[in-house]
Structure formats: structure tokens, C-alpha cells
Amino acid sequence: MQDCSVLHGPPDLVTEIGSRATVGHQRVVHGAVIGAEALVGNGATVLDGARIGARCLVAAHSMVAAGAEFEPETLVAGAPAVAKRSIAGTPAQRWIEANPAAYRELARRHAVELKALG
């Protein structure tokens with residue numbers, strides 16, 4: 001989860017972020033399941049009971065309606081969000097695969113290089 005994101009787990013819904021998934025800046029995930037290695041773009045909202053498949057890419061500023069479900073490796077975009085196409089074998093798939101390691105490296109650099117000012 002990145003800056004200014006909100007993960008809210010209502011008592012009657014499962015809220016889960018899968019292994020190596022990335023939830024970008026200013027996201028709302030509300031009572032939803034985000035699959036392993038999925039990437040939820042900046043400003044997107046994923047509502048109650050939605051299920052985002054593994055390695056999906058939810059485009060920035062998309063609004064995933066309550067109860068929506070998307071198959072793995074799908075580009076999801078719009079408001080309301082719809083399945084646009086498979087991302088298998090595309091540059092988007094390679095980006096999703098590289099993203100977790102890139103953020104681990106960014107966290108490592110932050111821990112090593114961050115310095116207090118005056």
C-alpha cells in the first residue's frame with residue numbers, strides 16, 4: 001500500500017491484499033479481494049465484495065463496482081470498471097511482474113539514504 005491509500009475491512013466482508021500485489025497512491029480498497037501480484041493504479045477505488053484476479057492491472061482512477069469480479073491477467077479500466085483485454089504477454093504483464101522487486105528496492109534505498117534535515 002502506497003501513500004494516502006485506505007484499506008477498510010467492514011465486519012461482514014473479506015478484505016485481502018494478495019502476495020506481491022501493489023496498491024498505488026490514493027486508493028480505496030473497501031471490503032474487496034486483490035489477487036496476488038495484481039496492481040491497482042493511482043486513484044482507483046475497489047468497492048465491497050469485488051474480486052480482482054491475480055496479476056490484473058486496474059487502471060488509474062478506475063472505479064470497480066461492488067461485487068464485480070475479474071479474471072486473472074486482465075486490464076480493468078473505467079468508471080464503472082470493465083474488463084478491457086488480457087494483458088498476458090504484453091508490456092503491462094512484464095511491468096506487473098517487475099513491480100514488486102522495484103518497490104522493495106525503493107524501500108531499501110529509502111531506509112539507507114533518508115537523512116534528517118537541520
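The following dialogue examines a predicted model of a single chain and the reasons behind the terms used to describe it.

Trainee: What makes up the secondary structure of the chain?

Mentor: The chain has one helix and 13 strands. Counted from the N terminus, the strands come before the helix, in the run β-β-β-β-β-β-β-β-β-β-β-β-β-α.

Trainee: How do you know whether the radius of gyration agrees with that of a compact globule?

Mentor: For 118 residues, the rule for a compact globule gives a radius near 13 Å; the chain has 15 Å, and therefore the two are taken to agree. The C-alpha atoms fill a box of roughly 50 × 40 × 20 Å along the principal axes. The accessible surface comes to about 6700 Å², and 57% of this surface belongs to carbon and sulfur atoms.

Trainee: Which share of the contacts in the chain, between residues at least 6 apart in sequence, joins residues at least 24 apart?

Mentor: That share is 9%. As for burial, 36% of the 118 residues count as buried.

Trainee: Let us turn to the sheets. In what order do the strands of the four-stranded open sheet stand?

Mentor: The order is β2-β5-β8-β11, and the pairing is parallel. At the edges stand β2 (16-17) and β11 (69-70); each has a single partner strand, so one side of each is left without a neighbour in the sheet.

Trainee: What makes β8 and β11 a pair?

Mentor: Pairing requires at least two bridges between two strands. Strand β8 (residues 51-52) is joined to β11 by two bridges, so the requirement is met, and the two strands run parallel. Within this pair, Arg51 has Glu69 of β11 as its bridge partner.

Trainee: Which strands form the open sheet of five, and what is its pairing?

Mentor: Its order is β3-β6-β9-β12-β13, and the pairing is mixed. Here β3 (22-23) and β13 (81-86) are the edge strands: each has a single partner, so one side of each lacks a neighbour in the sheet.

Trainee: Why is the pairing of this sheet called mixed?

Mentor: Strands of a sheet pair through backbone hydrogen bonds, in either a parallel or an antiparallel sense. Both senses can be traced in this sheet. Strand β6 (residues 39-40) and strand β9 (residues 57-58) run parallel and share two bridges, with Val40 opposite Val58 in β9. Two bridges also link β9 to β12 in the parallel sense, and Leu57 has Leu75 of β12 as its bridge partner. By contrast, β12 and β13 run antiparallel, joined by five bridges. Leu75 is bridged to Arg85 in β13. The strands β12 and β13 form a hairpin, with two residues between them.

Trainee: Is strand β12 mostly covered or mostly uncovered?

Mentor: Strand β12 (residues 74-78) is mostly covered, as four of its five residues are buried.

Trainee: Which residues of the largest nonpolar core touch the most other members?

Mentor: Of its 18 residues, these are Ile34, Val46, Ile52, Val58, Val64 and Phe70. A second, separate core has five residues, among them Leu39, Leu57, Leu75 and Ile96. In soluble globular proteins, nonpolar side chains tend to be buried together.

Trainee: What does Ile34 contact beyond its neighbours within four places in sequence?

Mentor: Ile34 is in contact with Glu16, Ile17, Gly18, Ala21, Val29, Val40, Val46 and Ile52.

Trainee: Why is Asn99 called buried?

Mentor: Asn99 has a relative accessible area of 7%. The cut-off for burial is under 20%, so Asn99 counts as buried. Asn99 is found in helix α1 (residues 91-113). Apart from residues up to four places away in sequence, Asn99 touches Thr22 and Leu39.

Trainee: How do you know that Asn99 and Thr22 make a polar contact?

Mentor: The contact joins their side chains at 2.8 Å. The limit for such a contact is 3.5 Å, so this distance satisfies it. Thr22 belongs to strand β3 and, at 10% relative accessibility, is buried because that value is under 20%.

Trainee: Why is Glu105 called partly exposed?

Mentor: Glu105, in helix α1, has 33% relative accessibility. Buried means under 20% and exposed over 50%; the value lies in between, so Glu105 is partly exposed. The C-alpha atoms of Glu105 and Val28 are 25 Å apart, and the two residues are separated by 77 residues along the chain.

Conventions:
Residues are numbered from 1 along each chain as its sequence is written. This is a predicted model: local features need pLDDT of at least 70, side-chain atom pairs count only at pLDDT 80 or more; totals for chains, interfaces and linings use all residues. Side-chain values use heavy atoms; hydrogens and water are left out. Buried means under 20% relative accessible area, exposed over 50%, partly exposed in between (1.4 Å probe, protein chains only). A polar contact is a pair of N or O atoms within 3.5 Å; within protein, one must be able to donate a hydrogen and the other to accept it, and residues adjacent in sequence count only if both atoms are side-chain atoms. Contact means heavy atoms within 4.5 Å. The radius of gyration is taken over C-alpha atoms; the globule rule is 2.2 Å times the number of residues to the power 0.38. Accessible areas come from the Shrake-Rupley method with a 1.4 Å probe; for residues, only the protein chains shown count as cover. A nonpolar core is a set of buried Ala, Val, Leu, Ile, Met, Phe, Trp, Tyr and Cys residues joined through side-chain atoms within 4.5 Å.
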